[in-house]
Amino acid sequence: MKKFLFIFLIGTITLFAQTVNKSIERDFNAYSKLIVDKKIDKAMEYINPKLFNIATKEQMVAMLESIYNVPEIDIKLSMPTIDSYGNLQTVEGINYVKIQVTTPIEMKFNNPEFKNEMIPLYLASFEEEFGKGNVVFDEKVKAFKITSSNPVIASSTDQNKNWKFITIDNKEVSVLLETIVPLEVLE
């Protein structure tokens with residue numbers, strides 16, 4: 001009987017984790033699709049609202065739109081994939097799951113001053129930011145192809161029905177996030 005209860009308990013925990021992961025994936029894909037489609041204002045609905053204590057929604061929208069609207073650079077994001085899910089952690093009534101995400105990015109310079117001699121310099125700079133082996137220059141399309149891998153903190157305040165996200169894309173951001181996300185979740 002104890003063996004049956006143990007197996008039942010493990011099965012229930014696994015099923016719960018799969019349900020949580022599916023709802024995170026659903027919301028993360030909806031959020032990502034809005035970003036890829038450059039519907040930045042609508043994507044803000046999926047941002048952890050505590051982030052707006054650091055920068056207003058309007059400031060964040062303006063910043064992201066300015067990145068996409070630099071005339072000398074075409075940035076094309078593809079749909080990211082979730083590589084792994086951390087454990088569900090509940091802190092002060094909020095559920096958190098740290099996920100690891102990989103996003104393909106294509107960056108093409110339209111500036112007539114951009115010369116082939118500059119490619120190694122940009123390549124080295126991008127490799128420093130994204131890691132060696134995560135950046136290549138595609139001669140056919142004259143664009144840098146970048147594989148960006150970042151942790152993302154998913155949070156839910158409504159028993160895992162809806163999820164909000166914060167991407168940790170650099171070390172400076174992670175210091176700010178300590179004011180929004182509990183330290184035990186960030187680790």
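Analyst: Two strands pair if DSSP finds at least two bridges between them; strands (E, at least two residues) and helices (H or I, at least four) are DSSP runs, numbered from the N terminus. The model discussed here is predicted: local features need pLDDT of at least 70, side-chain atom pairs count only at pLDDT 80 or more, and totals for chains, interfaces and linings use all residues. Numbering starts from 1 along each chain as its sequence is written, and side-chain values rest on heavy atoms, with hydrogens and water left out.

User: What makes β5 and β6 a pair of strands?

Analyst: Strand β5 (residues 135-138) and β6 are joined by four bridges in the antiparallel sense, so the requirement of at least two is met. Within this pairing, Val135 stands opposite Ile146 of β6, and Asp138 stands opposite Ala143 of β6.

User: Which other strands pair with β6, and over how many bridges?

Analyst: β4 runs antiparallel to β6, and 13 bridges join the two; Met107 has Phe144 in β6 as its bridge partner. β7 and β6 also pair in the antiparallel sense, over four bridges, and Ile153 has Ile166 in β7 as its bridge partner.

User: Which elements does the chain contain, and in what order do they run?

Analyst: There are six helices and seven strands. From the N terminus on, the order is α-α-α-β-β-β-β-α-β-β-β-α-α.

User: Why is Asn150 called buried?

Analyst: Buried means under 20% relative accessible area, exposed over 50%, and partly exposed in between (1.4 Å probe, protein chains only). Asn150 has 16% relative accessibility and therefore counts as buried. This residue is found in strand β6, of whose 14 residues 11 are buried.

User: What does Asn150 touch?

Analyst: Leaving aside residues up to four places away in sequence, Asn150 is in contact (heavy atoms within 4.5 Å) with Ile99, Gln100, Val101, Thr167, Ile168 and Asp169. Across the whole chain, 59% of the contacts between residues at least 6 apart in sequence join residues at least 24 apart.

User: How do you know that the side chains of Asn150 and Ser148 make a polar contact?

Analyst: A polar contact is a pair of N or O atoms within 3.5 Å; within protein, one must be able to donate a hydrogen and the other to accept it, and residues adjacent in sequence count only if both atoms are side-chain atoms. The contact between the side chains of Asn150 and Ser148 has a distance of 2.9 Å, so it falls within the cut-off.

User: Are Asn160 and Asn69 buried or exposed, and why?

Analyst: Asn160 has a relative accessible area of 10% and is therefore buried. Asn69, at 57%, is exposed. Asn160 lies in the loop between β6 and β7, where its side chain joins that of Asn95 in a polar contact of 2.8 Å. Asn69 belongs to the loop between α3 and β1, and its side chain reaches the backbone oxygen of Glu65 at 2.9 Å.

User: Why are Lys38 and Lys142 called partly exposed?

Analyst: Lys38 is at 44% relative accessibility and so counts as partly exposed; Lys142, at 36%, likewise counts as partly exposed. Lys38 sits in the loop between α1 and α2 (40-43) and has a positive phi of about 60° although it is not a glycine. Lys142 is found in the loop between β5 and β6, a hairpin with four residues between the strands, and takes a positive phi near 55°.

User: What makes the largest pocket a pocket, and how is its volume defined?

Analyst: On a 1 Å grid over the protein atoms alone, a pocket is an open set of points with protein on both sides within 12 Å along at least five of seven lines, whereas in a cavity a 1.4 Å probe fits but cannot get out; lining residues have an atom within 4 Å of a point. Points are joined across faces, edges and corners, and the volume is the space filled by probe spheres set on them. The largest pocket holds about 1,400 Å³. Its lining comprises 41 residues, and the closest to its centre are Leu64, Ile67, Asn150, Thr167 and Asp169.

User: Which element gives the most to this lining, and how do its residues divide by type?

Analyst: α3 gives the most to the lining of the largest pocket, with six residues. The lining comprises 28 nonpolar, 11 polar and two charged residues, where Ala, Val, Leu, Ile, Met, Phe, Trp, Tyr, Cys and Pro count as nonpolar, Asp, Glu, Lys and Arg as charged, and the others, Gly among them, as polar.
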